[in-house]
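Work through these exercises with the structure open. Try each task before you read its solution.

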Amino acid sequence: MKYFLIVLIALTLTGCTALDSLSGITDYFTGGEDNTDPPHELQDYNAEIEIDILWKERVGVGSKDYFLKLVPAIKDGRIFAGDMEGEVEAFELLSGDSVWDADLEMPFSSGPGVSTGTVVFGTSDARVLALNAGNGEELWNFPVSSEVAAVPVIAQGVVIIRTTDGKVTALDESTGRLLWDYELIMPALSIRGTGNPVVVNNNVICGFANGKLVSLRLNDGKHVWDASIAIPGGRSEIERLVDLSADPLVIDGTIYVASYKGGTSAVIEQQGEVIWRNPDISSYRGMGSDWRYLYVTDVNSDIWQLDQRNGASLWKQSDLHQRKLTAPAVLENYVVVGDFEGYVHWLSKTDGRQLARIRITDEPIDAQPIVVDDVIYVYAKDGTLAALKAKTL
């Protein structure tokens, strides 16, 4: 009875159907100790590049200790970010100067998604809010079925919303009018967090907690195809977790997607055919890419380089094991990740060795860094927003 109550409380605190973290949760069923590997301590290394902070600002309170999809977005020379209490600010990309800010007093859970004229946030109390990208004024506000769990995506005048109950909802960008919705039955238990949808040509690609990747028509939400990326297995709901919580990547007609326990796969965008799987490298953090390789942060915060053609692993970086790394960003010859102590690490694309690190805050970074030209933009959970640039020593 004691273990049942502990699990029940854990599920209640995470929204009944989702877990923020799985570290040690299985031990509640047995009474055993949490045997999760501790984070590696940072080690000395030979610095090969130097990192400059071009500018650093603060956006409200960030997301604090909550697992939210609040990440910065860049459009038309500006970077937009919001915090969990509804504060939004737009900055000039190069200088960090504030363009406008708005205090909307709403519980933002995801966003922003941006287009040329619109900035869109989702909330934990099941609403979608659109703002004018030029001045921050509210354009429309629309209720959805549950908490918005992924960053809204705007394409061809349509706003795509993912909610925690498994629904995909399409809204008109100009008015917020409902265009269509699609629902897939979800498992009883899932990791808290949902991969962002991606729009390819006229299709919306979404990964779901049951291990399926689904393609829907953008204009009407009709089902195009689905692919089983990971098959649930095991006796308990925890053992059967196979969530596609990492954001899919689409490169030259191929979709690359990772599952929590089902490995990493490549899928043909037009038909949904799986062309390769690497079952040994699973992820809920995500991946980055260059012209030939994928860079994946696995479930243990080890970084892998994979060949896009066949999924073969080429190197593994484990110096930062269990440091709760972000998904990698790729810039020139570097792979860049943030960690749970506010450090940003530069690694070599050639072999994964450490090249540089800098600390921008003492709070975690869980949003994937963003690359624009030769600058890295990083957003931490305390609202710290920084622009960083590497230079050779």
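**Exercise 1. Find the residues that touch the most other members of the largest nonpolar core, then say which strands build this core.**

Solution.
Step 1. The model is a predicted one. Its largest nonpolar core has 18 residues.
Step 2. Val344, Trp346, Ile360, Ile376 and Leu388 touch the most other members.
Step 3. Now look for the strands. At least two core residues come from each of E2, E29, E30, E31, E32, E34 and E35.
Step 4. E32 gives the largest share, three residues.
Step 5. A separate second core holds 17 residues, among them Leu68, Val88, Ala90 and Trp100.
Step 6. Why group such residues? In soluble globular proteins, nonpolar side chains tend to be buried together.

**Exercise 2. Trace the pairing of strand E5, residues 78-82.**

Solution.
Step 1. Check the cover. Four of the five residues in E5 are buried.
Step 2. Go to E4. It runs antiparallel to E5, with three bridges. Ala73 has Phe80 as its bridge partner.
Step 3. Inspect the turn of this hairpin. Two residues separate E4 and E5, and Asp76 has a positive phi of about 55 degrees.
Step 4. Go to E6. Five bridges join E6 to E5, again antiparallel. Ile79 faces Phe91.
Step 5. Here four residues lie between the strands, and Gly86 has a positive phi near 95 degrees.

**Exercise 3. Which strands lie at the edges of the open sheet E25-E26-E27-E28?**

Solution.
Step 1. Read the order: four strands, paired antiparallel.
Step 2. E25 and E28 each pair on one side only, so they are the edge strands.
Step 3. Follow E27 to E28. Four bridges link them, and Ile303 partners Gln317.
Step 4. The twist averages 20 degrees from one strand to the next.

Technical notes
Residues are numbered from 1 along each chain as its sequence is written. This is a predicted model: local features need pLDDT of at least 70, side-chain atom pairs count only at pLDDT 80 or more; totals for chains, interfaces and linings use all residues. Side-chain values use heavy atoms; hydrogens and water are left out. Axes are lines fitted to C-alpha atoms, for helices over the stretch in contact, and angles run from 0 to 180 degrees between N-to-C directions. A nonpolar core is a set of buried Ala, Val, Leu, Ile, Met, Phe, Trp, Tyr and Cys residues joined through side-chain atoms within 4.5 Å. Buried means under 20% relative accessible area, exposed over 50%, partly exposed in between (1.4 Å probe, protein chains only).
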